[in-house]
Amino acid sequence: MTEGLPTLEEFQAAADGLVGVISHTPALPSRTLTEALGSPVLLKMENLQRTGSFKIRGATHRLQQLTPAERGRGVVAASAGNHAQGVALAAQSLGIPATIFMPNGVPVPKLLATRGYGAEVVLEGDTVATSLRLAAEYAERTGAVLIHPFDHRDVVVGQGTLGLELIDDVPDVDTIIAAIGGGGLIAGLAAAAKQAAAARGRDVRIIGVQAENAAAMPPSLAAGHPVEITTQPTIADGILVARPGNVPFAIIDDLVDEVVTVTDDDIARAILVLMENAKVVAEPAGAVPAAAILAGNVAALGTTVAVISGGNIDPLLLQRVVAHGLAASGRHLTIRIPLPDRPGQLARVSELIAQAGANVIEAMHTRHGHGLQISEVILELSVETRGAEHSELTLGVLRHAGFSPIVVQD
């Protein structure tokens, strides 16, 4: 294993230090994901953790290791959400002054929660990268200790306490699936879980999942060192990281068995499935392990635990994600139909859709549009269906009746 790998004793000491600070979150069976994977799947519910994510583990352990002098200087961090809340609550519990830099436009619930934990919040810049730079400058200027979200050994050890819980709660686990952003969670998880399983005479497979638009780990693993990529926008902003951390990368390179990616459509679909079938609210980054299972990107190898690493999703984003998830799963269909401008056409289309068993939830009828003849109109409909097969049936009914529906991609 990696030289300097945190030991099982270190992880246990960290877990002992977190008693009374964090929640021991449950691992609950998921029938839907079990059916999708073809082997037993449980959900490690870190969305139920204090502050709504696993970040409180690493942040608290990191702050617990500070010297009295360092505590007196205060801490500073930068985040758009989960790390900010973790550092703020950890600092509050230890009586350490905390300053958190957050970008403009941060979701209001995350901003209010961070302030509610007693941190001084500075809103400046448009991106987390800018906030990180400002936090580093603040640390240099004031002497405050910069608390990095993932690239520090103490943070990795704190996150690894999740792995100990998993092995205790699910001793027959064969595979653990977790998200990867900067790598702190999966590095700690892999090191702790593999050592704890080995102590019981077992092995455990670790699979990491990244958002396709922010997948820095595959090229980094191929190069043998952290590589910075140009990211694209993704709904999984919690793992939108352009370069893995040096500390976690060394562990991941040695201990993580596989890394896969998922699309935003996969993630949106997973959030919807978790809400409907498991009654679980997961943020996009927290849903990527479920997304990988539902997308068929991982193979069934025994009992599997998917880590739902966070549930801090803004209600407005949730509304958009659910709509996108419905479309991605074929249950929401937007169609545009050119019609002759004469009475009865709208009623006829509505009748056909009803005959197909679908439901019109929104309609727009206009005579104005590029390319329309004076005797034509456009009817745009949002239709609720039971899935992709039912959507095709509905389109087929319209086409059979002589209409030419055009599917509009959301």
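Me: Which residue in E13 is the bridge partner of Glu362?

Reply: That would be Ser382. Bear in mind that this is a predicted model.

Me: What makes E12 and E13 a strand pair?

Reply: A pair needs at least two bridges between the strands. Strand E12 (residues 359–366) and E13 have seven, in the antiparallel sense, so by that cut-off they count as paired.

Me: And how do you know that E11 and E13 pair?

Reply: Same test, with at least two bridges as the bar. E11 and strand E13 (residues 376–384) are joined over nine bridges, again antiparallel. One of the matches is Pro338 with Ile378 in E13.

Me: Why are H12 and H14 called roughly perpendicular?

Reply: Helix H12 (residues 264–278) and helix H14 (residues 315–328) pack at an angle of about 100°, with 8 Å between their axes. Angles of 65 to 115 degrees count as roughly perpendicular, and the two helices therefore get that label.

Me: What meets what between H12 and H14?

Reply: On the H12 side you have Asp264, Asp265, Ala268, Arg269, Ile271, Leu272 and Met275. H14 brings Leu318, Val321, Val322, His324, Gly325, Leu326 and Ala328. The contact residues split into nine nonpolar, two polar and three charged. Gly counts as polar in that split.

Me: Which strands does H12 lie across?

Reply: E2, strand E8 (205–211), E9 and E10, and H12 runs at about 90° to E9. That angle falls within 65 to 115 degrees, so H12 and E9 are roughly perpendicular.

Me: Why do E1 and E9 count as edge strands?

Reply: Look at the order in that open sheet of six strands: E1-E2-E10-E7-E8-E9, with mixed pairing. Strand E1 (27–29) and strand E9 (258–262) each have a single partner strand, so one side of each has no neighbour in the sheet. Neighbouring strands there are turned by 25° against each other on average, direction ignored.

Me: What makes E2 and E10 a pair in that sheet?

Reply: Five bridges join strand E2 (residues 41–45) to strand E10 (residues 304–308), and the two run parallel. The requirement is at least two bridges, so the pair qualifies. Within E10, Val307 stands opposite Lys44.

Me: Which strands stand at the edges of the four-strand sheet, and why?

Reply: This open sheet has the order E5-E4-E3-E6, with parallel pairing. Strand E5 (120–123) and strand E6 (145–146) have a single partner strand each, so they are the edges. E5 pairs with strand E4 (residues 98–102) over four bridges, and Phe101 has Val122 in E5 as its bridge partner.

Me: How do you know that H5 and H7 are roughly antiparallel to E3?

Reply: Helix H5 (residues 82–94) lies across strand E3 (75–78) and E4, at about 165° to E3. Helix H7 (residues 128–142) lies across E3, E4 and E6, also running at about 165° to E3. Angles over 145 degrees count as roughly antiparallel, so the label fits both helices.

Me: What lines the second largest pocket?

Reply: The pocket holds about 260 Å³ of space. It has 16 lining residues, and Ala327, Ala328, His332, Val407 and Gln409 are the closest to its centre. H14, strand E11 (332–340) and helix H16 (388–400) each give two or more residues, and H16 gives the most, with four. By class, the lining divides into seven nonpolar, six polar and three charged.

Conventions: Residues are numbered from 1 along each chain as its sequence is written. This is a predicted model: local features need pLDDT of at least 70, side-chain atom pairs count only at pLDDT 80 or more; totals for chains, interfaces and linings use all residues. Side-chain values use heavy atoms; hydrogens and water are left out. Axes are lines fitted to C-alpha atoms, for helices over the stretch in contact, and angles run from 0 to 180 degrees between N-to-C directions. Angles under 35 degrees count as roughly parallel, over 145 as roughly antiparallel, 65 to 115 as roughly perpendicular and the rest as oblique. Contact means heavy atoms within 4.5 Å. On a 1 Å grid over the protein atoms alone, a cavity is a set of points where a 1.4 Å probe fits but cannot get out, and a pocket is an open set with protein on both sides within 12 Å along at least five of seven lines; lining residues have an atom within 4 Å of a point. Grid points are joined across faces, edges and corners, and a volume is the space filled by probe spheres set on the points.
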